[in-house]
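Here are my notebook entries from a sitting with this model, written up for a colleague at the bench. I kept them short and in the order in which I looked things up.

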Amino acid sequence: MPFLRQQDGKFHGGVIATVADLVTGFATFSLVGPHDRVVTSDLKISYFSPGTGDAIFGRGWVVKPGKRLHYCEGEIYSVKGDDYTLIAKAFAIMAVIEDKNKEVESK
């Protein structure tokens, strides 16, 4: 998808950061209650090499869960055929908002 790439044809840094935000957010979401929401409190990205492949792939996990904050890490890879190249690493703090979805469901 050309609109996800910057002027040199590489995946835009904002797209890579968005994927990092998503994978760390969903990692946190998998640990909270059914009525809780997760929002990003802090996100730090380190870029290692350009995203020159055909696609990007991300994975995220929770390093330390807490009652209100979950500390997460994520890795983003550039994919070309069967080759995966690590292009960025993320550190995220996700905030848990308890019972927020219950308010939405009751409206």
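**Entry 1: the turn between strands 3 and 4**

I began at the hairpin that strand 3 and strand 4 form, with 2 residues between them. Gly81 sits in that turn, and I noted its positive phi of about 65°. I should say here that I am working from a predicted model.

I then followed the two strands away from the turn. Strand 3 and strand 4 pair over 12 bridges, in the antiparallel sense. As one example I picked Cys72, whose bridge partner in strand 4 is Ala92.

**Entry 2: the other pairings**

Next I looked up strand 2 and strand 3, another hairpin, this one with 4 residues between the strands. Strand 3 covers residues 69-80, and 9 bridges join it to strand 2 in an antiparallel run. Phe57 has Tyr77 in strand 3 as its bridge partner.

Then I turned to strand 1. Which strand do 10 bridges join to strand 1? I found that it is strand 4 (residues 83-97), and that the two run antiparallel. Two positions went into my notes: Lys44 stands opposite Phe91 in strand 4, and Ser46 has Lys89, also in strand 4, as its bridge partner.

**Entry 3: the whole sheet**

With the pairs in hand, I wrote down the order. The 4 strands form an open sheet, 1-4-3-2, with antiparallel pairing. Strand 1 (37-47) and strand 2 (55-64) stand at the edges; each has a single partner strand, so one side of each has no neighbour in the sheet. From one strand to the next, the twist averages 25°.

As a reminder to myself, strands of a sheet pair through backbone hydrogen bonds, and they can do this in a parallel or an antiparallel way.

For the overall layout, I counted 2 helices and 4 strands in the protein. Read from the N terminus, the elements run α-β-β-β-β-α.

**Entry 4: salt bridges around Glu98**

I moved on to charged side chains. Side chains of opposite charge can pair when their charged atoms come close. The structure holds 5 salt bridges, and I started with the one in which the side chains of Lys67 and Glu98 meet, at 3.1 Å from N to O. This pair links distant parts of the chain, 31 residues apart: Lys67 is in the loop between strand 2 and strand 3, while Glu98 is in the loop between strand 4 and helix 2 (100-106).

Which residue forms a salt bridge with Glu98 at 3.6 Å between the closest N and O atoms? I found Arg68 there. Arg68 lies in the loop between strand 2 and strand 3 and Glu98 in the loop between strand 4 and helix 2, so this pair ties together parts that are 30 residues apart in sequence.

I also checked how open these side chains are. Lys67 is exposed, with a relative accessible area of 59%. Arg68 counts as partly exposed at 49%, just as Glu98 is partly exposed at 34%. The reason Arg68 does not count as exposed is the cut-off, since exposed means over 50%.

**Entry 5: the network on the sheet**

Another salt bridge joins the side chains of Glu73 and Lys89, at 3.7 Å from N to O. Glu73 is in strand 3 and Lys89 in strand 4, 16 residues apart, and the pair links distant parts of the chain. Glu73 counts as partly exposed at 26% relative accessibility, and Lys89 is partly exposed with a relative accessible area of 26%. Salt bridges that share partners join Arg59, Glu73, Glu75 and Lys89 into one network.

**Entry 6: helix 1, inside and out**

Last, I looked at helix 1 (residues 13-29). Is Thr24, which lies in this helix, buried or exposed? Thr24 counts as buried, because its relative accessibility is 0% and the cut-off for buried is under 20%. The side chain of Thr24 reaches the backbone oxygen of Asp21 at 3.2 Å.

Leu22, also in helix 1, is partly exposed, with a relative accessible area of 43%. Together with Phe26 and Phe29, Leu22 forms a nonpolar patch on the surface, with about 320 Å² of accessible area for the three together.

To close the page, I noted that buried residues make up 32% of the 107 residues in the protein.

Notes. Residues are numbered from 1 along each chain as its sequence is written. This is a predicted model: local features need pLDDT of at least 70, side-chain atom pairs count only at pLDDT 80 or more; totals for chains, interfaces and linings use all residues. Side-chain values use heavy atoms; hydrogens and water are left out. Patches are made of residues with over 30% relative accessible area and no salt bridge: like charges are joined within 9 Å, nonpolar side chains (Val, Leu, Ile, Met, Phe, Trp, Tyr) within 5 Å. Accessible areas come from the Shrake-Rupley method with a 1.4 Å probe; for residues, only the protein chains shown count as cover. A salt bridge is a side-chain nitrogen of Lys or Arg within 4 Å of a carboxyl oxygen of Asp or Glu. Buried means under 20% relative accessible area, exposed over 50%, partly exposed in between (1.4 Å probe, protein chains only). Two strands pair if DSSP finds at least two bridges between them. Axes are lines fitted to C-alpha atoms, for helices over the stretch in contact, and angles run from 0 to 180 degrees between N-to-C directions. A polar contact is a pair of N or O atoms within 3.5 Å; within protein, one must be able to donate a hydrogen and the other to accept it, and residues adjacent in sequence count only if both atoms are side-chain atoms.
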